[in-house]
Amino acid sequence: MPGFGGLEAPNGDIPRHSKDGSRDSRGHLPSLMASSYPIAIKFIDVCYKVKVQGTDTQGSSIKRMFTHGSSTPSDQGSTARNQEKTILNNITGMVSPGEMLAILGPSGSGKSTLLNALAGRLRHDRGNFSGTMLANNRKPSKQIAKRTGFVAQDDVLYPHLTVRETLVFCSLLRLPKTLSTKDKISVAESVLSELGLSKCENTIIGNSFMRGISGGERKRVSIAHEMLINPSLLILDEPTSGLDSTAAHRLVSILGSLAQKGKTIVTSMHQPSSRVYQLFDSVLVLSEGRSLYFGKGSEAMGYFESIGFSPSFPMNPADFLLDLANGTWASTSSVSFLLHELAESTRMN
Ligand SMILES: Nc1ncnc2c1ncn2[C@@H]1O[C@H](COP(=O)(O)OP(=O)(O)OP(=O)(O)O)[C@@H](O)[C@H]1O
Ligand SMILES: [Mg+2]
């Protein structure tokens with residue numbers, strides 16, 4: 001279970017307080033949101049392939065009943081047994097402390113799979129993983145895993161607890177025994193106010209049967225849940241899905257401010273608004289598991305313009321990139337050409 005990053009030095013050589021030595025109002029606790037252990041992530045030529053079930057599966061049998069035994073070559077579920085499906089195809093990129101990397105792409109393009117790979121959560125028995133994953137130029141260690149927070153696409157929270165109860169309960173369970181109960185509660189309170197949850201601290205989480213906090217607040221509670229351990233690397237899968245553009249902007253601004261405090265943020269996003277897009281330092285665009293673009297968010301439009309792809313009217317860069325990734329902007333052959341060319345050009349030196 002992850003420890004409270006600000007208090008546990010990984011090798012004994014990391015100071016027990018933030019780099020500038022700042023301490024918070026609790027006096028003896030380190031500044032909670034400051035990153036005491038910066039993590040830079042590099043992923044080079046990452047590939048992930050899975051074996052697709054053969055024709056003897058239950059799903060395929062049901063399919064055969066409806067198709068009267070006829071199967072098309074494109075029907076991946078019912079073709080040859082143990083056919084391999086490539087989910088990630090030579091993905092390369094990096095993100096440094098203080099930066100926010102956004103992974104954009106249509107549904108099924110491999111965003112969650114890549115985030116799971118970055119968090120070391122990919123089940124190797126379920127697929128064939130290859131490529132190089134480096135944290136601070138080394139193979140990711142247990143210490144890195146302890147300092148990694150992962151906010152999954154679907155929130156898992158107890159509906160009957162209030163926001164405050166959720167965070168205090170989690171704080172008591174996840175923070176190390178070396179901290180007193182009072183200190184653990186102080187950490188929960190600090191995260192609560194940092195993520196703007198003070199207003200709803202006594203409201204229950206709720207679910208579809210019981211009215212509770214709003215969708216945006218719910219997302220922030222999930223992030224707060226991970227922030228309790230003061231992670232240096234925060235990975236978020238679609239933290240803004242279901243939010244309106246203002247709430248999404250507010251949430252991504254919070255992520256931006258965490259990045260400014262030295263944390264490394266990697267997030268996937270379906271449809272960021274142009275205001276949200278401007279908050280990203282770098283962007284990785286995926287299309288069917290392949291990398292369409294990796295680089296600074298501010299340079300993406302200029303780059304595509306230089307190779308002959310530009311919108312005829314001013315538009316949200318994220319919309320344009322998603323149109324390209326979906327193949328709706330250019331002809332399919334142009335997109336195939338783009339994917340091939342860009343996969344080469346996005347390789348790191
Ligand atoms: N273990 C697996 N076995 C078979 N197919 C898989 C497996 N894991 C992922 N896939 C497939 O890989 C593709 C990418 O999945 P992934 O969840 O990464 O997409 P995504 O970009 O996160 O999509 P969304 O935006 O809908 O969340 C999908 O087509 C999915 O069905
Ligand atoms: Mg996903």
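Is asparagine 137 buried or exposed? Asparagine 137 is exposed, because just 7 other C-beta atoms lie within 10 Å, and 12 or fewer counts as exposed. Keep in mind that this is a predicted model. Here's a quick tour of the ligand shell, one helix and a few backbone oddities.

**Around ligand 1**
- Ligand 1 has 13 residues around it, and the closest are Ser107, Gly108, Lys111, Ser112 and Thr113.
- Two elements, strand S2 (83-95) and helix H2 (111-118), each give two or more residues to that shell.
- H2 is the top contributor to the shell around ligand 1, with 3 residues.
- By residue type, the shell around ligand 1 splits into 8 polar, 3 charged and 2 nonpolar.

**Helix H10**
- H10 runs over residues 317-326, and its buried residues are Pro317, Ala318, Leu321, Leu322, Leu324 and Ala325.
- Those buried residues cover an arc of only 155° around the axis, so they sit on the same side of H10.
- Right after H10 comes glycine 327, with a positive phi near 80°.

**Positive phi outside glycine**
- For background, most residues other than glycine have a negative phi.
- Aspartate 45 goes the other way, with a positive phi near 50°.
- You'll find aspartate 45 in strand S1 (residues 41-52), and it is partly exposed, with 15 other C-beta atoms within 10 Å.
- Asparagine 137 also has a positive phi, near 65°.
- Asparagine 137 belongs to the loop between strand S4 (127-135) and helix H3 (142-146).

How values were computed: Residues are numbered from 1 along each chain as its sequence is written. Chains are lettered from A and ligands numbered from 1 in the order in which they are written. This is a predicted model: local features need pLDDT of at least 70, side-chain atom pairs count only at pLDDT 80 or more; totals for chains, interfaces and linings use all residues. A residue is buried if 20 or more other C-beta atoms lie within 10 Å of its own, exposed if 12 or fewer, and partly exposed in between; C-beta atoms are placed from the backbone. Helices (H or I, at least four residues) and strands (E, at least two) are DSSP runs, numbered from the N terminus. The arc is that of the directions from the helix axis to the C-beta atoms. A residue is near a molecule or strand if its C-beta atom, placed from the backbone, lies within 6 Å of it. Ala, Val, Leu, Ile, Met, Phe, Trp, Tyr, Cys and Pro count as nonpolar, Asp, Glu, Lys and Arg as charged, and the others, Gly among them, as polar.
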